[in-house]
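I opened this entry to look up how two chains meet, and then to follow one helix through its surroundings.

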Amino acid sequence: MRSGESAARPGGGERSRIQLSAEERLDFLREVARAYRTEAAANIVLEAVGIPVERRPAWQNVNPEQWWGEVFQDFDAGIVASPYRTLMGVVVRTHPGNETLHRLAVRHGVIKSEGGDEAPDPAGRPAPATDPITPAGPADATGAATAARPDEPGGPELDGDPAAVTFPRLAAEAAGEAEPPRFPGRPSDPADEDDGSPLRRWLWPWIAPLWRQAKKLRRKVQKRPKVAIAVVVLLAISMGFFFYYEEQSDDRCGIPTELVLSASADTADLMREVAEDFVKSDRDHHGCRREHIQVVSPSVAGGTTKALEDGWPSEDLRSVGPYPHVWIPSSSVDVNRVKAAIGKGNTDIPLTTLPSVMSSYLVLAAPSGLAGQPGWDDPSAVSLAAVVKQAENGALRIVREGPETSTEGLVSTMALYQAAVGAPLTRSGLSGGGIGATLHRLEQATITSDGIGDPERGLGCQAATSTAPDFKVALMSEQAVFAHNKTPSCGVPSDQLTAFYPTDGVPLLDYPFVMVGGRRWGNPKREAVARRLHDFLELPETQSSIAAAGFRPAGGAPIDLSASDTGIQSEVPQAKDQPGPAETTDAADELEKAWRSARRQARVLFTIDVSGSMAVSGLDGVTPLDAARQAIGPALGLVRGDDQIGLWEFATRLDGDRDYVEKVGLGTADTGSGSRLDDIRQALPTLHRENGDTGLFDTIGAGVAALRAQGGATTADAMVVFTDAINDKPGGTSPDRLAGQLNLPGAPPVRVFLLAFGEANCSRPDLQPLLAGGATCENVSSTDVGKAVERVGSGLWGIH
Amino acid sequence: MPAARMTRLVSVLVLACLLCTFGVAACTSSHRDDDTGPINFAGIADFTDGDQVGKAVAQWNKVHPDQRVTYIEQSESSDEQRSQLVATAQGALDAQEPTECYDVHSLDVMWTAEFAKGNLVVPLGNEARRDGIEEKLFVPAAWDSGRYKKKQWAVPFLINVPLLFYRKDILDAEKLPPPTSLKDMIAKITLVNQRRAAGGQNPIGGFGGQFARYEGLTVNALEIVRALGGDITADPHQPISDESHVQEAFRQLVSALAEGGWIPREALTYQEQSSREAFVNGQLLFMRNWPYAYKLLTAANSPMAGKVGVVALPWPEVFGGHNLAVSSCSKHQSTAWSFISYLTTDPGVQSAMLRDGGYPPVLKAAYNPRRDEFTKAISQALTGKQNAVSRPVTPYYAAVSDVIQDEVSHVLRDHLAPADAVEHLNTRLPPALHGK
């Protein structure tokens, strides 16, 4: 195929047209693309050829060969007259050393060969007869020379040294005096590999299209400057209005990220203050708040821990409150309890614990009236075990929160129980024999305060307003002592408190910082806020604020006390053998059960069989009646002043139709002279054997009814019957009926303990229905009845 | 490729992008008719007698078993309620995987701006109008509380106007009428306790408002400060008008809470329920509370039955209320709008809210000339617009209220002098009003 100038040229002749063979055209294309491989260079050449700017193809995502290919197609379509001839004339003069171009130019008569002959056609075709082209003048800078001039075969003529005159830049390039124009193609274009930095090469493909469009726009603007100015002015005015409106708008700031921080009641006020300081310091570059922190405290005792253990039930938000995103409990004990629930699969809420930022010791806080007295003159020389003894002896009362009221209450209870028992408390240790009675005594000597939210009824005020002989000491945090002394808020005049650090161990409240996540409310923005808050809490300035509120740094480190009469010590106390959070957690559930059981008021009806069989002496010469009288004495030691006790004797029809006589009626035991305890002790010797039968079952029935009349779920009701277990009253209630009475639906439970003198009397057939109905029977003798009574005590106040 | 061809191609691409953008926007603002299904309703804590909100939900579920509504009662504290709603909505917006979404929010009237600006709720569109929600049905003030930047974002559900409850038995025994102003009330408290002391009786606590550190404190503080001549946040550019009156108001409140004052110190822990409990237990002569308390106080089994009187709050009042909005995260917005329409326009539901909850109706048609004491009190409160105290309408209301609670709480607990509190409010409120 031959291509060539196809357009007719006015005044043009045959000899102005070049007929290129396909092979020649291809060669020519390649060489031109090699010689003018940038858009700038190519445009200069096309300017000389006379191709108008708007008719040139866009140099976008093409390589030079492809681009020149498009140009050649336009040539073939007759975009201008004799484009090939003109182009060849230009290129051969700017690249005189290019053999291919030279050959083609000579062959087609664009230039004369050095030998005067035209180059032979490699295909052997005769050379066309043409005149050598005459160089024309400089190309029209505006590109207006697009139409062929009548006196030219086509396109601008080249005149003189085309490189020097028409293309001074090209001449300078050829002479090595100027850098060729740079127009990086695609990054893969080998010609561009050494152009510019890697960043520029990477960015340029993205910028290049905009760059070209901008250049085109510039040319258009140059043609229509008034329109362009009007558009720019309109844009400027619009932007001005926009920014002015934005500036004046009152709500430019976005809505802050919401974060709920659950804090224990003793830290809530402090957390609100530091949270506000954090939010102020964490504004964005517009000065806008980035977060809003809502500080909440549990609305019910232990609420946050329990709710987390239960997976924070949606159906109970009214009582448990909003999901916490950050949780700062008093102690890691609570965190470990939730983690234990996670381990059991009860909940899937993930917790992330960050380093703690504060701490406080659990201390004994004594009013100033007590501090300084013998035994209370050295804050580092008091043991909790000794204080417990004093409390049990009635010298003072211990006040603390219950284990279900707060974590502080749980840790306090653990410390107290350990001091009372004299050994570290573990899960198995809390269920041992005799523990129940010990703990019951202890609970009777302490006051459990549930005054959440009411500082006037709080631990500090209860201790600070107590006076001799009814001093109270409070188990409370060191920080609470500090706060009370700084700003007493008891509503009435109150003493300063002094913190005593027990020698047998000082528990530490470590206030862990826990991020609460999970699919339901985990959120990267919120987590970022939580972490920034934690970082803020660790800053020295924030730590100073925390210390000013009476909290120590993390880990119980020394506290920097600026004031002198704070009531607490700055140095670290000696802490010995205190259970850590893990151990405390392990025993926490059992501890709460033990506490609930120990706290119950005991109501015990001692009932002694005085029938004839109880007066038969054993081998040791002691009658069962005597043994019973002797055993009751120690049993009376199980009950405390708040408990209720009574004493009956029974046989058959001792009081009209009744088989029993109320020697001492059921009532509060009290202590001291004139108390019911004394009444019972005095009544015991008056119990005498009565001849006759034994109305055992009827008496038990009457005793159960009497206990139920005033008992309830909060009392441990029991009937302790000292008997030989023989029921021989004719016509009395049957054991089956009595068993039914014991298990009456909806009736308060009453434990019936039969201490049966005589071997195997508990195996009597008529007793079996009663035992099956829940009564307990133990075969006893005069020598072991006392131990049996101790076991009864454990049964009353032990763990169920 | 020729330049002209390239230009045409670019133009077509730009036009296509614009069409897509508007088309997507159009698609997200309207919903298909089959956009129905089960939804979550994060609702106000139900204080009504007989759990009327719960009953309304149960009735809906009975009729629409395939569009079941799960009623999630929020905390009684409005601050905590707001936190839960905002945190959940933000979590749903930001989540890349399914998370909890409350399809219908019950929003305090002060939260409309925040939820709208945060794109946490969607505005009313044709869907809502098809469900019968129209402006002309509602009390204008209630409807306006659901607007922000000329768009309607929420539909009125409950109106709340503060009322003054008093021990009618005690005042009648002393032959005293109900108070007609704050000063009149203070005088009556003093007089009653003087007479009780003379008769060997223990004094009775005077006035119980909501002074715990939460939104209730903001409301009560605004009311009493206005009653004593000052104003807080009347103007965003001048948050404290007449500083001397505001200082004096704070001083009077501090004095009231001191020994022998007309506000018992326990009131510093009162929210709505605890103040009502104190009143029921005979610890208060007067109580400021919302209308819901009337039903509970006058119920047949209430210890205060027959002993309670009620009047409109005889000093400037802050209106409250709750509106319902559809969450941006809701996948069943058709159901959500239908449910909202049911709760807000169904005469049976609104009647139950009034009858058993004491909530004034949001529907104009529900007002009739009943003349009982309770309705009179509500009507007086609603029509006394000149007495209304406005809380600032701002998307950053939570921060604004925090500042007020903070400063007023410190003053009332004697931790801050009144003059310092006023200075702090002047400094802290302007940036808080603008989210800074």
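How many residue pairs are in polar contact across the interface of chain A and chain B? In this predicted model, I find that the rule gives 17 such pairs, both residues being at pLDDT 80 or more.

I then looked up which elements give two or more residues to the side of chain A that touches chain B, and these are α8 (198-223), β3 (257-263), α10 (268-281), β4 (291-296), α12 (317-320) and α19 (524-538) of chain A. The most comes from α10(A), with four residues. By residue class, I note twelve nonpolar, 15 polar and 18 charged residues on that side of chain A.

For the extent of the interface, I have 45 residues of chain A in contact with 47 residues of chain B, and a buried area of about 3800 Å², of which carbon and sulfur atoms give 44%. I also checked the salt bridges between chain A and chain B, where the rule finds four; one of them joins A:R318 to B:E73, with 2.7 Å between the closest N and O atoms.

Next I turned to helix α14 (residues 347-357) of chain B, whose buried residues are B:V349, B:Q350, B:A352, B:M353, B:L354, B:D356 and B:G357. I see these buried residues packing against α2 (52-63), β7 (155-160), α12 (292-297), α13 (333-345) and α15 (373-383) of chain B.

Last, I looked at both ends of α14(B). At the N-terminal end B:D346 is the cap, with a side-chain oxygen 2.8 Å from the backbone nitrogen of B:G348, while after the helix comes B:G358, which has a positive phi near 75°.

How values were computed. Residues numbered from 1 in each chain as written. Chains lettered and ligands numbered in written order. Predicted model: local features only at pLDDT ≥ 70, side-chain atom pairs only at ≥ 80, totals over all residues. Heavy atoms only, no water. Contact = heavy atoms within 4.5 Å. Buried area = accessible area lost by both parts, 1.4 Å probe. Salt bridge = Lys/Arg side-chain N within 4 Å of Asp/Glu carboxyl O. Polar contact = N/O pair within 3.5 Å; in protein donor to acceptor, adjacent residues only side chain to side chain. Nonpolar A, V, L, I, M, F, W, Y, C, P; charged D, E, K, R; others polar. Buried < 20%, exposed > 50% of the residue type's maximum accessible area, 1.4 Å probe, protein only.
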